[in-house]
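User: Hey, I've got a structure open and I'm not sure where to start. Can you walk me through it?

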Amino acid sequence: MPKSSQTTKNASAEAVAPSYEQALAELERLVMGMEAGQLPLDQLLESYRRGAELLGFCRARLQAVEQQVKVLEGEGLKQWGDS
């Protein structure tokens, strides 16, 4: 991926939420608000859109961490088997 595309991707991810934990907390607040059934239709739609954005961010972070763990486990297994 070209460097400029990666920079743009990182900037858009940071615009969603500074961290996984903060994104998850915001997502939980949005869901509680929507489940309460007290939001006007426009705000409900905006909450749904924001929730979908946060959910995508959280899923991407989880997949990235899962991949890193697999790599680390693979490296650890190689080192363990080499001795």
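Analyst: Sure, we'll go through the nonpolar core and then the salt bridges. Keep in mind that this is a predicted model.

User: Okay, which residues make up the largest nonpolar core?

Analyst: Eight residues in all: Val16, Ala17, Ala23, Leu27, Leu30, Leu54, Phe57 and Cys58. Helix H2 (20–36) and helix H3 (41–82) each supply at least two of them.

User: Why would those side chains sit together?

Analyst: As a general trend, nonpolar side chains in soluble globular proteins tend to be buried together.

User: Let's pick one. What is Leu30 in contact with, leaving aside neighbours within four places in sequence?

Analyst: Leu30 is in contact with Ser47, Arg50, Gly51 and Leu54. Of these, Leu54 belongs to the largest nonpolar core, just as Leu30 does.

User: Arg50, huh. Is that one buried or exposed?

Analyst: Arg50 has a relative accessible area of 16%. Anything under 20% counts as buried, so Arg50 is buried.

User: New topic: how many salt bridges are in the whole structure?

Analyst: A search of the whole structure turns up five. In general, side chains of opposite charge can pair when their charged atoms come close.

User: Which residue does Glu26 form a salt bridge with?

Analyst: Glu26 pairs with Arg50, and their closest N and O atoms are 2.8 Å apart. Glu26 lies in helix H2 and Arg50 in helix H3, so this pair ties together parts that are 24 residues apart in sequence.

User: And which side chain does Arg49 meet in a salt bridge?

Analyst: That's Glu53, at 3.7 Å from N to O. Arg49 and Glu53 both lie in helix H3, four residues apart, or about one turn of the helix.

User: How accessible are those two?

Analyst: Both are partly exposed: Arg49 has a relative accessible area of 42%, and Glu53 comes in at 33%.

User: What about Arg50 and Glu53?

Analyst: Their side chains meet in a salt bridge too, at 2.7 Å from N to O. They are three residues apart in helix H3, so about one helical turn separates them.

User: So which residues end up in one network?

Analyst: Glu26, Glu46, Arg49, Arg50 and Glu53, joined by salt bridges that share partners.

How values were computed: Residues are numbered from 1 along each chain as its sequence is written. This is a predicted model: local features need pLDDT of at least 70, side-chain atom pairs count only at pLDDT 80 or more; totals for chains, interfaces and linings use all residues. Side-chain values use heavy atoms; hydrogens and water are left out. A nonpolar core is a set of buried Ala, Val, Leu, Ile, Met, Phe, Trp, Tyr and Cys residues joined through side-chain atoms within 4.5 Å. Buried means under 20% relative accessible area, exposed over 50%, partly exposed in between (1.4 Å probe, protein chains only). Helices (H or I, at least four residues) and strands (E, at least two) are DSSP runs, numbered from the N terminus. Contact means heavy atoms within 4.5 Å. A salt bridge is a side-chain nitrogen of Lys or Arg within 4 Å of a carboxyl oxygen of Asp or Glu.
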